[in-house]
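Let us learn to read a fold feature by feature. Keep the viewer open as we go.

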Amino acid sequence: MQTDVLIIGQGICGSFLSWYLLAQGKEVIVIDEERASSPSRVAAGLINPVTGRRMVTAWMVEELFPFANKAYTDFGAQLGIQAFSRKDVVDLFPNPFMRESFLHKLTEGNEYIHRVDDEMHFANWFNYEFGAGLIGPAYTAYLDRLLPAWRAELKQQNRLQETSFDINALQIEPDEIKYDGIHARQIIFCDGPAGMHNPFFQALPFSRNKGEALIVEIPELPQDHTYKKSLLLVPLSEPGLFWFGSSNHWEFEDDKPTPAFLEQGKNLLQQLLKIPFKVVDHRAGLRPATLERRPFVGFHPLHPSVGLLNGMGTKGCSLAPYFAHQLAQYISGNTSAIDPVVDVKRFRRILERQ
Ligand SMILES: Cc1cc2nc3c(=O)[nH]c(=O)nc-3n(C[C@H](O)[C@H](O)[C@H](O)COP(=O)(O)OP(=O)(O)OC[C@H]3O[C@@H](n4cnc5c(N)ncnc54)[C@H](O)[C@@H]3O)c2cc1C
């Protein structure tokens, strides 16, 4: 079987890359073994313009946000689903210090931070004492709709192989790769955390980070916002369902859900909510983070037919569409360079040493 690009992985990266390549007239085959712990199936889908406790404006927000808006809207329209929704973040201050810090950002003129008219408006649903502010625009990508819908489409077009990819069976030539009867001009690894063990790219400065979340039914809580009080409560596409999380661990035994987070999460929900809730699922996964917090995009310096789109860290929902598009443009010859800040060739010396 002949194709242009063989893609390994159908998380956010592999989905957007295959979608853009097909739109540019390229032939693709995707190999993906669906794993419950893959971060694209665990993520909240939140696209937040500020990051962390110190509320730093997210990297490239002015380019990434409009791009993501259009990308998810167009992708969803093609699949006949709503894949994106605006859900500004209601920040329920957990203590006076966080309130002060928020107000300080406001006076600095951060355009993503706003006052709310009635700070105690959310007291029907939440226990909080120190008022609230608003972060926006923020969005949620409905990955729980998008990924299965695109998977079904790829399957219907005979472009998906639902199996485990065995790297030992891969044959590399400068202008072609061969794998289990497939001949392709290029192979692109969109294999998420598994990429940290990929012999071509394992020397890259990846940094694994584990996160856990609970899926919670809260029928009485309005789904027009995301809510934050230390952890996040993000509305999912299904009515009444929210994602609650997440933890953030650099040291862990495996990528499985832990009883400790389940216990801690239930306790936090009990303290936070004034209305009934029911935990219906518990998920965990590894974020494919990088030490310098920038993605890995492009081709191996020694193997021009072997590429990757990875290292999306905590921000796959906003980074993946933009850089998948850039990589697809590069593969199609519509642009002559990948942004050097993300181009994997910045690690040429490390990769050539392997
Ligand atoms: C708890 C948690 C919460 C998060 N919340 C958010 C959020 O709100 N917003 C945000 O922007 N980001 C969030 N993230 C980060 C985001 O999930 C990731 O950046 C993103 O999902 C990475 O996507 P990916 O396509 O690179 O990898 P993956 O999602 O891992 O996809 C890789 C795919 O490749 C497949 N695969 C790998 N190896 C093989 C093989 N050998 N054979 C066959 N198939 C293979 C896997 O099964 C998987 O389907 C969160 C992550 C976690 C863990």
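The dialogue below moves from strands to rings to a helix.

Q: What kind of model is this?

A: It is a predicted model. Keep that in mind throughout.

Q: How do I read strand order in a sheet, and which strands are at the edges of the open sheet of 3 strands?

A: Follow the pairing from one strand to the next. Here the order is S3-S10-S6, and the pairing is antiparallel. Strand S3 (46-47) and strand S6 (84-86) are the edge strands, since each pairs on one side only. 

Q: How many bridges join S3 to strand S10?

A: There are 2 bridges between S3 and strand S10 (residues 139-141). To locate the contact, start from Leu46: its bridge partner in S10 is Thr140.

Q: Now strand S14. Is it largely enclosed or not, and why?

A: Count its buried residues. Strand S14 covers residues 182-189, and 6 of these 8 residues are buried, so the strand is largely enclosed by the rest of the structure.

Q: Which strands pair with S14, and in what sense?

A: Take them in turn. Strand S1 (residues 2-8) pairs with S14 in the parallel sense, over 6 bridges. One contact to look for is Ile8, whose bridge partner in S14 is Phe189. Strand S21 (residues 306-310) also pairs with S14 in the parallel sense, over 3 bridges. There, Ile188 has Gly307 as its bridge partner in S21. Strand S13 (residues 176-179) runs antiparallel to S14, joined by 3 bridges.

Q: How do S13 and S14 connect?

A: Look at the turn. S13 and S14 form a hairpin with 2 residues between them. Asp180, in that turn, has a positive phi of about 45°. Beside the turn, Tyr179 has Ile182 as its bridge partner in S14.

Q: On to rings. How many aromatic pairs does the structure hold?

A: The structure holds 24 aromatic pairs. One of them is Trp19 with Phe75, which is stacked: 4.3 Å centre to centre, with 10° between the planes. Trp19 lies in helix H1 (residues 12-23) and Phe75 in helix H3 (residues 61-79), so the pair ties together parts that are 56 residues apart in sequence. Both Trp19 and Phe75 are buried.

Q: Why is the pair of Phe299 and Tyr330 called tilted?

A: Check the angle between planes. Tilted pairs fall between the stacked limit of 30 degrees and the edge-to-face limit of 60. The rings of Phe299 and Tyr330 have their planes at 35° and their centres 6.1 Å apart, so this pair is tilted. Phe299 belongs to strand S20 (residues 296-299) and Tyr330 to helix H7 (residues 316-331), so the pair links parts that are 31 residues apart in sequence.

Q: Are these two rings' residues buried or partly exposed?

A: Phe299 is buried, with a relative accessible area of 6%. Tyr330 counts as partly exposed, at 28% relative accessibility.

Q: What lies over the face of Trp59?

A: Arg294 does, at 4.1 Å from the ring centre.

Q: Last, helix H5. How do I check its length?

A: Compare expected span with end distance. At 1.5 Å a residue, the 14 residues of helix H5 (residues 143-156) should span 20 Å; the end C-alpha atoms are 19 Å apart, which agrees.

Q: Where do the buried residues of H5 sit around the axis?

A: Start with the general idea. An α-helix has 3.6 residues a turn, so residues three or four places apart point the same way. In H5 the buried residues are Leu143, Leu146, Leu147, Trp150, Arg151 and Leu154. They cover an arc of only 125° around the axis, which puts them on the same side of H5. Just after H5, Asn158 takes a positive phi of about 60°.

Methods: Residues numbered from 1 in each chain as written. Predicted model: local features only at pLDDT ≥ 70, side-chain atom pairs only at ≥ 80, totals over all residues. Heavy atoms only, no water. Pairing = 2+ DSSP bridges. Helix = DSSP H or I, 4+ residues; strand = E, 2+ residues; numbered from the N terminus. Buried < 20%, exposed > 50% of the residue type's maximum accessible area, 1.4 Å probe, protein only. Phe/Tyr/Trp six-rings, centres within 6.5 Å; stacked < 30°, edge-to-face > 60°. Lys NZ or Arg CZ within 6 Å of the ring centre and 35° of its normal. Expected span 1.5 Å × (residues − 1). Arc of directions from axis to C-beta.
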